[in-house]
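Student: Got a minute to go through a structure with me? I'd like to start with the core and then look at the cysteines.

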Amino acid sequence: MSCKVDDCEREVHALGMCNSHYEKDRKSRIFKPCEKKGCGGNQHGHGLCSMHYQRWRNSNRGKTCELEYCEAMLWAAGLCRGHYKQKQRGAPFSPLQDRKGRTRPCKHDGCDGVPVARGYCNMHYLHFRVNGVTLDRARRTRSRKYLGDLLEKGLWECAHCRRIASTDDFGKSASGVPVSYCRPCAALVLRLRRFQLSEESYAALLELQANACAVCGTEKPDMGEWHIDHDHSCCGVDVYPTCGKCVRGLLCSNCNTRGVAWYERLPEELRQFPLLNDYLNSPPFEQVRV
């Protein structure tokens with residue numbers, strides 16, 4: 001039996017149509033086209049396709065729930081996600097609790113955030129998952145409305161150093177919104193992540209070295225960034241991330257790329273420079289390693 005569609009002689013799959021025409025008919029009944037003029041995509045939300053829906057979401061970034069006591073991000077119909085669900089259920093609006101109705105704060109000492117996993121708030125849970133310990137950093141107290149007001153002025157606040165600067169000093173996400181960290185902080189966070197080094201250990205190491213290179217003693221690193229030196233015999237240059245145990249110290253660019261790298265390639269009998277021998281045999285990081 002052939003397909004009932006004119007000029008189609010394929011075998012019937014379902015509802016008197018072949019597989020190809022059946023799928024087209026099924027999709028036409030299930031999916032509706034995007035309401036954006038000239039767009040042929042299928043609706044994803046608010047009558048828009050996925051792309052135009054994300055653009056609509058980004059245009060509302062920074063706006064908050066219309067309820068006076070709620071500062072959660074806008075989700076739909078002027079409400080945040082939690083209150084929008086309350087509206088769907090027909091329930092009266094009430095302040096939102098955490099996911100399991102618990103009222104106890106985050107397990108991290110001094111943090112009053114809402115627990116989301118293993119008793120930690122979102123920020124401290126990420127610390128725990130990445131580092132195995134929670135870092136003693138203050139929670140962000142800025143509201144989304146505050147960030148939205150900054151964005152309207154062409155400014156943004158770094159979530160790491162808390163510096164307010166032009167949006168040009170920040171990278172941009174795929175949607176065009178500034179990322180959380182300014183460019184110097186983003187570079188530092190990536191380097192710390194590569195060597196599995198916590199901010200506390202990095203700060204302690206820099207303090208131990210008196211804010212200077214561990215070899216030559218210069219206090220002004222090239223491009224304002226210290227190089228994190230590690231033992232290549234443990235983790236090669238292509239290893240990412242490293243084991244975190246072979247870090248040796250903070251060096252300037254010349255000492256790291258030319259001095260130590262050149263010295264380690266020498267035969268053992270030619271390594272007669274006491275300053276570099278002391279550094280390699282007793283690296284500063286051994287004193288601050290947790």
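Student: Which residues in the largest nonpolar core touch the most other members?

Tutor: Tyr202, Val215 and Ile228, out of 24 residues in that core. Keep in mind that this is a predicted model.

Student: Which helices and strands each supply at least two residues of this core?

Tutor: Helices H6 (183-194), H7 (199-208), H8 (253-264), H9 (274-281) and H10 (285-288) each do, and so does strand S8 (247-251).

Student: What is valine 215 in contact with, leaving aside neighbours within four places in sequence?

Tutor: Leu251, Cys255, Val260, Leu275, Leu276 and Tyr279. There is also a second, separate core of eight residues. Leu147, Cys158, Ala165 and Cys185 are among them.

Student: On to the cysteines. How many disulfides does a search of the whole structure find?

Tutor: Zero.

Student: Why is there no bond from cysteine 213 to cysteine 216?

Tutor: Their sulfurs are too far apart, at 3.8 Å, because a disulfide needs them within 2.5 Å. Cysteine 216 has a nearest cysteine sulfur in cysteine 255, 3.6 Å away, and is in no disulfide.

Student: Is cysteine 213 buried or exposed?

Tutor: Buried, with a relative accessible area of 5%. Cysteine 216 is partly exposed, at 46% relative accessibility.

Student: New topic. How many aromatic pairs does the structure hold?

Tutor: One. Tryptophan 262 pairs with tyrosine 263, 6.4 Å centre to centre. The planes are 50° apart, so the pair counts as tilted.

Student: Is tyrosine 263 buried or exposed?

Tutor: Buried, at 3% relative accessible area. Tryptophan 262 is partly exposed, at 47%.

Terms used: Residues are numbered from 1 along each chain as its sequence is written. This is a predicted model: local features need pLDDT of at least 70, side-chain atom pairs count only at pLDDT 80 or more; totals for chains, interfaces and linings use all residues. Side-chain values use heavy atoms; hydrogens and water are left out. Buried means under 20% relative accessible area, exposed over 50%, partly exposed in between (1.4 Å probe, protein chains only). Rings of Phe, Tyr and Trp (its six-membered ring) pair if their centres lie within 6.5 Å; planes under 30 degrees apart count as stacked, over 60 as edge-to-face and the rest as tilted. A nonpolar core is a set of buried Ala, Val, Leu, Ile, Met, Phe, Trp, Tyr and Cys residues joined through side-chain atoms within 4.5 Å. Helices (H or I, at least four residues) and strands (E, at least two) are DSSP runs, numbered from the N terminus. Contact means heavy atoms within 4.5 Å.
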